[in-house]
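Visitor: I would like to learn how to read a model of this kind, one feature after another. Could we look at it together?

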Amino acid sequence: MSQSKIFHKNRALGYVSDHIPLVTRFIERRKENLIVTSVGRAFHTYGCEHFTLLSVSGTHPGNITALAGDNYHVYTASEGQIFAWRRGNELKHTYKGHESPIHLLLPFGPHLISVDEDSVLKVWEIQSEIQVRERIFCKNVDKITTICHPATYINKIVIGTEQGHLHLWNLNTEKIIYTFNGWKSPVTALAQAPDGEGNILAIGLGDGRIKLHNLKTDCTLFELVQDYGHVTSISFRKDGAPIMATGSTQ
């Protein structure tokens with residue numbers, strides 16, 4: 001009797017990922033989605049079609065603490081430094097300046113935003129590696145837990161905090177232009193909903209609630225609750241189907 005060939009083209013073996021959230025990228029030239037996963041002091045890049053391992057990055061100075069990607073680079077953080085990679089294994093840029101471990105990275109057009117565990121937020125020019133902005137938040141008042149860029153809000157990001165605050169911050173003026181009251185629970189995940197105008201944000205909270213909130217009117221449209229712990233991630237289908245997925249550590 002011949003063996004089953006259902007997994008014949010799949011060659012994923014061993015240590016595939018750790019606790020750092022993976023990154024997905026669509027490569028126009030390949031017409032394929034790629035998955036980037038952290039594996040301690042390196043990251044792996046897989047092709048989605050058959051989950052084929054395409055590349056393994058160089059070794060980092062310590063374990064990877066944050067991972068992000070855009071159309072051009074994969075960004076990793078390790079030992080307070082940030083690295084920009086091309087093709088999964090070619091190191092192109094290095095950014096130095098943080099004194100604490102970095103836990104958030106957000107590509108923002110020609111810039112890269114990074115946040116460390118002391119809630120120091122820095123903005124870098126990707127090509128020149130120059131730091132162009134810095135804002136130090138008091139982590140006892142506003143410990144940053146997540147950040148998001150609503151696509152239609154030019155030069156602005158939304159900052160969620162462990163204390164439950166939500167801030168709309170202007171990168172150019174380096175000012176908080178609006179603070180939302182919050183919901184008496186840590187903000188743990190943010191994702192923009194595909195509503196057509198870019199005003200609706202899904203806000204995941206530490207008590208398991210998910211708020212669909214209109215940023216323009218500061219009004220909650222409705223609330224959902226997941227039964228298995230705090231919200232760690234939120235994602236939407238963008239092909240017209242009204243589906244939202246959330247994640248948890250439990």
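Visitor: Let me begin with a single residue: where is the place of R30?

Guide: Please keep in mind throughout that this is a predicted model. R30 is found in the loop between β1 and β2, the latter spanning 32–38. With a relative accessible area of 37%, R30 is partly exposed, and its C-alpha atom is separated by 9.7 Å from that of G47, which is 17 residues apart from R30 along the chain.

Visitor: Which strand holds T24, and is T24 buried or exposed?

Guide: T24 belongs to strand β1, residues 23–27, and since exposed means over 50% relative accessible area, T24 counts as exposed because its relative accessibility is 55%. Once residues up to four places away in sequence are set aside, T24 touches L34 and I35. The C-alpha atoms of T24 and G182, by contrast, are separated by 30 Å, and these two residues are 158 residues apart along the chain.

Visitor: Turning to the chain as a whole, how many helices and strands does the protein chain have?

Guide: There are zero helices and 22 strands in the protein chain. Its radius of gyration is 19 Å, close to the 18 Å that the globule rule gives for 250 residues, so the chain is as compact as a globular protein of that length. Along the principal axes, the C-alpha atoms fill a box of roughly 65 × 40 × 30 Å. Of the 250 residues, 45% count as buried, while the accessible surface comes to about 13,500 Å², with 51% of it belonging to carbon and sulfur atoms.

Visitor: Into which domains is the protein chain divided?

Guide: The division is into domain 1 (1–136) and domain 2 (140–249), whose centres, taken over C-alpha atoms, are separated by 23 Å. Across the two, 13 residues of domain 1 are in contact with 18 residues of domain 2.

Visitor: How should I read the interior, and which residues have the most contacts inside the largest nonpolar core?

Guide: The largest nonpolar core has 14 residues, and those with the most contacts inside it are I113, L121, I144, I147, I157, I159 and L171. At least two residues of this core come from each of β9 (102–108), β10 (111–116), β11 (120–125), β13 (144–148) and β14 (156–161), and β9 gives the most, with three residues. At least three residues of this core are drawn from each of domain 1 and domain 2.

Visitor: Taking one core residue as an example, what is I113 in contact with?

Guide: If its neighbours within four places in sequence are left aside, I113 is in contact with L104, L105, L106, F108, L121, K122, V123, I147, I157 and L171. There is also a second, separate core of 13 residues, which includes Y153, L168, F180 and W183.

Visitor: My last topic is the cysteines: how many disulfides does a search of the whole structure find?

Guide: A disulfide is a covalent bond between the sulfur atoms of two cysteines. In this case, a search of the whole structure finds zero disulfides. C219 is in no disulfide, and the nearest cysteine sulfur, that of C148, is 19 Å away, whereas a disulfide would need the two sulfur atoms within 2.5 Å. C219 counts as partly exposed at 38% relative accessibility, and C138 is also partly exposed, with a relative accessible area of 42%.

Notes
Residues are numbered from 1 along each chain as its sequence is written. This is a predicted model: local features need pLDDT of at least 70, side-chain atom pairs count only at pLDDT 80 or more; totals for chains, interfaces and linings use all residues. Side-chain values use heavy atoms; hydrogens and water are left out. A nonpolar core is a set of buried Ala, Val, Leu, Ile, Met, Phe, Trp, Tyr and Cys residues joined through side-chain atoms within 4.5 Å. Buried means under 20% relative accessible area, exposed over 50%, partly exposed in between (1.4 Å probe, protein chains only). Helices (H or I, at least four residues) and strands (E, at least two) are DSSP runs, numbered from the N terminus. Domain bounds come from an automatic or database domain assignment. Contact means heavy atoms within 4.5 Å. The radius of gyration is taken over C-alpha atoms; the globule rule is 2.2 Å times the number of residues to the power 0.38. Accessible areas come from the Shrake-Rupley method with a 1.4 Å probe; for residues, only the protein chains shown count as cover.
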